[in-house]
Amino acid sequence: MTYKSQTVSAIVITENNATTLEKALSSLHWVDDLVVFDRGSTDGTLTIARGFTEKVYFHPSKNLTMVRRDALSTGSCDWLLLVEPDEWVEEMLRHEIDGVLLNTPANLNGYTLPRQLKFQNQWFSTPVGEEPNRLLRLVRKNHWEVGEDWAATLKVGGDVGKLDRPMGYAPYRTVEELFNEINGQSTLSAYRHLEAHGVSSKDQGTFSLMIKTKLAAWREFIFKGGIFKGITGQTLAMANTVEVFLKYAKIRALTKK
């Protein structure tokens, strides 16, 4: 028998995620309310979503902040769990959530949780001494807000707790998908860097570009241990190094006089 004092709505925002969505939604079978907000999928995503819940809505806006606000507002339960379509809730995380919600203090309005990357059937954990990929994903109803920043960051008023069990995520399945993602992320990173720091001569020199790339390689292959994680880990380390190179190469191209 499961004892629950508070209910949970899971919120998933989709856009052409047919390859990953079934795993994400299957992992949410335990929630009290499942809501899917779609941004215009054409690949079968809607068919998959409707197999799990009747609450499937279309949102025409391309503004992630607006979509996330409307999606979270649709959740009807005491707590809202935001899950991306390439993520899934591991069984131990589910049990941890059930446990903490039995005794959550009134002044605590959210929980952060770590994510653990899975690529080509291999798990990659955070190295000792490094902060995990931790995100605010579980929030109390009516105590949250969504930022206007590029990532539409979820926030809460009041105290925030920490969950220990990770959420799995697999944003890419193949090496090709990995490097396509790296290319897109490097472009976003270049624009965000310029927005935050403006144009600087430090970002335009060849020497600076080489130093940043070498430091990235050292971090990925040595500090994070990519060199010891087989061909898959080495591929990820190389991709993350290339992302840094592309970011600053694109900054130079965007600011070239």
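## Helix H5

A residue counts as buried when its relative accessible area is under 20%. In this predicted model, the residues of helix H5 that meet this criterion are Leu178, Ile182, Ser186, Ser189, Ala190, Arg192, His193 and Leu194. They pack against strand S6 and helix H7 (230-255).

Helix H5 runs over residues 175-197, a total of 23 residues. From its first C-alpha to its last it reaches 32 Å, close to the 33 Å expected at 1.5 Å a residue. Just after H5, Gly198 adopts a positive phi of about 75°.

An α-helix has 3.6 residues a turn, so residues three or four places apart point the same way.

## Helix H4

Helix H4 comprises residues 91-100, and its buried residues are Leu93, Arg94, Glu96, Ile97 and Asp98. The elements that cover these buried residues include strand S4 (79-83), strand S5, strand S6, strand S8 (134-140) and strand S12 (167-169). Strand S6 thus appears in the surroundings of H4 and in those of H5.

## The second largest pocket

The second largest pocket holds about 210 Å³ of space. Its lining consists of 15 residues, and those nearest the centre are Lys23, Trp88, Lys118, Ala170 and Arg173. By class, the lining divides into six nonpolar, four polar and five charged residues.

Helix H1 (21-26), strand S5 (87-89) and strand S6 (108-119) each contribute at least two residues to this lining. Strands S5 and S6 are also among the elements that cover the buried residues of H4.

Key:
Residues are numbered from 1 along each chain as its sequence is written. This is a predicted model: local features need pLDDT of at least 70, side-chain atom pairs count only at pLDDT 80 or more; totals for chains, interfaces and linings use all residues. Side-chain values use heavy atoms; hydrogens and water are left out. On a 1 Å grid over the protein atoms alone, a cavity is a set of points where a 1.4 Å probe fits but cannot get out, and a pocket is an open set with protein on both sides within 12 Å along at least five of seven lines; lining residues have an atom within 4 Å of a point. Grid points are joined across faces, edges and corners, and a volume is the space filled by probe spheres set on the points. Helices (H or I, at least four residues) and strands (E, at least two) are DSSP runs, numbered from the N terminus. Ala, Val, Leu, Ile, Met, Phe, Trp, Tyr, Cys and Pro count as nonpolar, Asp, Glu, Lys and Arg as charged, and the others, Gly among them, as polar. Buried means under 20% relative accessible area, exposed over 50%, partly exposed in between (1.4 Å probe, protein chains only). Contact means heavy atoms within 4.5 Å. The expected span of a helix is 1.5 Å times one less than its number of residues.
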